[in-house]
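Some questions and answers follow on how the terms used for this model are justified. The structure is shown first.

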Amino acid sequence: MPDTNDICPKCGSSLSEVSQTPTGRKLRRCSQGSWNPETKKTEGCPYVLWLPIEPTPLDEKCPKCSSPLLLQVTRYGKKMKKCSKGGWDKEKRQPTGCDYVEWISGTTERLDEKCPDCGENLVLYTTNSGKKMKKCSTSGWDKEKRLATGCKYVYWLKSGEDRAATGEEFLPPSKPSATD
Ligand SMILES: [Zn+2]
Ligand SMILES: [Zn+2]
Ligand SMILES: [Zn+2]
């Protein structure tokens, strides 16, 4: 039975499968809409359903109250760590519980590439200043010992090298191949 969530509220057509942007946001586009890369405009129905982004539990403790931290991604792709004890009182319009929030500078995007050193997935890390590097998803930082952990593979992208990825967020979820 078709769910009403699967129907475009603008034109009544069905929605396409869930697709994901490089920043991890999930969306469903109307099946009657398509992206024209030449005009950089949507043709047909422009409806896009953005799916809510679920916070991810982190293996880190809140420095204020020692509750687990959550990784929350905003609608605009900004990331923050927040305390799982924190909440928002909609009536009083004020935060409740623990108010610990740490904005994460720079973003990490999962890549479909394997690390040449260890075979794990690579991630694309974008710093606040917009510099990009590929690094191994197993790499981390031990705050106490102040040491890098995991795999050391890092590859800095020269400016322009990532141009193919720029704007990918606005492309259709899947485009038909050019071969007949
Ligand atoms: Zn539609
Ligand atoms: Zn807390
Ligand atoms: Zn590696």
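Q: What stands opposite Val 73 in strand 8?
A: Lys 79 stands opposite Val 73. The model is a predicted one.

Q: What makes strand 7 and strand 8 a pair?
A: A pair needs at least two bridges between the strands. Strand 7 (residues 68-73) and strand 8 (residues 79-83) have 5 bridges in the antiparallel sense, so they count as paired. Another position in this pairing is Leu 71, whose bridge partner in strand 8 is Lys 81.

Q: How do you know that strand 8 also pairs with strand 11?
A: The requirement is again at least two bridges, and 4 bridges join strand 8 to strand 11, which run antiparallel; therefore they pair. Met 80 stands opposite Trp 103 in strand 11.

Q: Why are strand 6 and strand 11 called edge strands?
A: The open sheet has 4 strands in the order 6-7-8-11, with antiparallel pairing. Strand 6 (56-61) and strand 11 (101-104) each pair on one side only, and that is what the edge label records. Neighbouring strands of this sheet are turned by 30° against each other on average, with direction ignored.

Q: What is the strand order in the open sheet that has strand 12 and strand 17 at its edges?
A: The order is 12-13-14-17, and the pairing is antiparallel. Strand 12 (107-114) and strand 17 (154-156) pair on one side only. Here the average turn between neighbouring strands is 25°, direction ignored.

Q: How do you know that strand 12 and strand 13 pair?
A: Strand 12 is joined to strand 13 (residues 121-126) by 5 bridges, and the two run antiparallel. The threshold is at least two, so the pairing holds. Within it, Thr 108 stands opposite Tyr 125 in strand 13.

Q: How many helices and strands does the protein chain have?
A: The chain comes to 0 helices and 17 strands.

Q: What share of the residues is called buried, and on what test?
A: The test is 20 or more other C-beta atoms within 10 Å of a residue's own. Of the 180 residues in the protein chain, 9% are buried.

Q: Which residues does the zinc finger annotation cover?
A: The unreviewed UniProt entry gives "domain: DNA topoisomerase type IA zn finger" for residues 7-16, 59-78 and 112-130. In the model, residues 7-16 are 0% helix and 0% strand, and the end C-alpha atoms of that span lie 9 Å apart.

Definitions and conventions: Residues are numbered from 1 along each chain as its sequence is written. Chains are lettered from A and ligands numbered from 1 in the order in which they are written. This is a predicted model: local features need pLDDT of at least 70, side-chain atom pairs count only at pLDDT 80 or more; totals for chains, interfaces and linings use all residues. UniProt positions are given in the numbering used here, feature names are shortened, and annotations may be inferred rather than shown by experiment. Axes are lines fitted to C-alpha atoms, for helices over the stretch in contact, and angles run from 0 to 180 degrees between N-to-C directions. A residue is buried if 20 or more other C-beta atoms lie within 10 Å of its own, exposed if 12 or fewer, and partly exposed in between; C-beta atoms are placed from the backbone.
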